[in-house]
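Reader: I'd love a close look at one part of this model and at what that part connects to. Please start from the pairing of strands and follow the thread from there.

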Amino acid sequence: MQKDQFIFDPLPQPALQVVGSEKLFPVHRIYCVGRNYADHAIEMGHDPNREPPFFFQKNPDCLVTNGRDFPYPPASNDVHFEMEMVVALGKAGAGIAVERALEHVFGYAVGLDMTRRDLQGEAKKLGRPWEVGKAFEASAPCSAIVPASRIGHPTSGAVWLTVNGTERQRGNLDQLIWDVPETISYLSTLFTLQPGDLIFTGTPAGVGAVVCGDEMHGGVEGIGEIHVRVI
Ligand code: MN
């Protein structure tokens, strides 16, 4: 890259740490699956048998990394946690077959799809896009990535979250409506996937609000854990 090519310095490349490596994982896009656990779809007032999961996005610079704090965002009085398994892609593709989808996975992480539920609810009611509810600053706290070469491709294991030591969410990866290969395959019919893409795979039931000072501690069995403080 030529020096002084840009009219101002580009912002830093968002990236996640990789367990067992000195090198970082550069993040390209963040895809999120909505309503991928039946019990969460039901708690949000939807019938999982009638409405399949769907996708929305956050921006790479929404990530909160390395156990940093989550600053309570403006314009909301109802900010919710959603504990999720995160898939990190290492290989590009479009129109990926389900049987070959796992070849595109570099590894796995755990993350929080933080949501301004009041703004999301208003957007839903008015038929408007979800960015104000989902893609605000620091809305995607995420752990380091564990390479699939170390842990394989987990298909079961607890997905859990405590707030101030009290359990709020507990589900299991085996309850995913779209499993990881199906999610990658379907997403790749809509978008060209790239190395560096993350997929937040959806949250089990129990979502709820946090306030300043809360300590969120969550994890996915077999992958990792995340600690985030709300400030
Ligand atoms: Mn979510």
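Author: Happy to! Let's start with an open sheet of four strands, which run in the order E13-E12-E16-E17 with antiparallel pairing. Please keep in mind that this is a predicted model. The sheet's edges are strand E13 (166-172) and strand E17 (224-229), each of which pairs on one side only. From one strand to the next, the twist averages 10 degrees.

One pairing is worth zooming in on. Strand E12 (residues 158-163) meets E13 in the antiparallel sense, over six bridges. Within that pairing, Trp160 has Arg170 of E13 as its bridge partner.

From the sheet we can move to the nonpolar interior. In soluble globular proteins, nonpolar side chains tend to be buried together. Here the largest nonpolar core has 41 residues, and Met85, Val87, Met114, Ile184 and Met216 have the most contacts inside it. Among the elements giving two or more residues to this core are E12, strand E16 (215-220) and E17 from the sheet, along with strand E7 (83-89) and helix H5 (180-190). Ile184 shows how far such contacts reach along the chain: beyond its neighbours within four places in sequence, it touches Val87, Leu89, Ile96, Ala101, Val105, Leu193 and Ile199. A second, separate core of 20 residues includes Ala88, Ala140, Ile145 and Phe200.

Strand E7 also leads us to the metal. The manganese ion is coordinated by OE of Glu82, OE of Glu84 and OD of Asp113, at 2.0 to 2.1 Å. Along the chain, these donors follow the spacing E-x1-E-x28-D. Distant parts of the chain are linked here, with Glu84 in strand E7 and Asp113 in the loop between E8 and E9, 29 residues apart. Glu84 counts as buried because its relative accessibility is 0%. Asp113 is also classed as buried, because its relative accessibility is 0%.

Further along the chain comes helix H2 (residues 117-126), whose buried residues are Arg117, Leu119, Gln120 and Ala123. Viewed down the axis of H2, they fall within an arc of 160 degrees, so they line one face of the helix. The general background is that an α-helix has 3.6 residues a turn, so residues three or four places apart point the same way. Those buried residues of H2 pack against helix H1 (38-43), strand E6 (79-81), strand E9 (115-116) and helix H3 (131-134). Just after H2, the chain passes through Gly127, which takes a positive phi of about 70 degrees.

Key: Residues are numbered from 1 along each chain as its sequence is written. This is a predicted model: local features need pLDDT of at least 70, side-chain atom pairs count only at pLDDT 80 or more; totals for chains, interfaces and linings use all residues. Side-chain values use heavy atoms; hydrogens and water are left out. Buried means under 20% relative accessible area, exposed over 50%, partly exposed in between (1.4 Å probe, protein chains only). The arc is that of the directions from the helix axis to the C-beta atoms. Contact means heavy atoms within 4.5 Å. Two strands pair if DSSP finds at least two bridges between them. Axes are lines fitted to C-alpha atoms, for helices over the stretch in contact, and angles run from 0 to 180 degrees between N-to-C directions. A nonpolar core is a set of buried Ala, Val, Leu, Ile, Met, Phe, Trp, Tyr and Cys residues joined through side-chain atoms within 4.5 Å. Donors are N, O and S atoms within 2.8 Å of the metal (3.2 Å for Na, K and Ca); water is not among the atoms, so sites may look incomplete.
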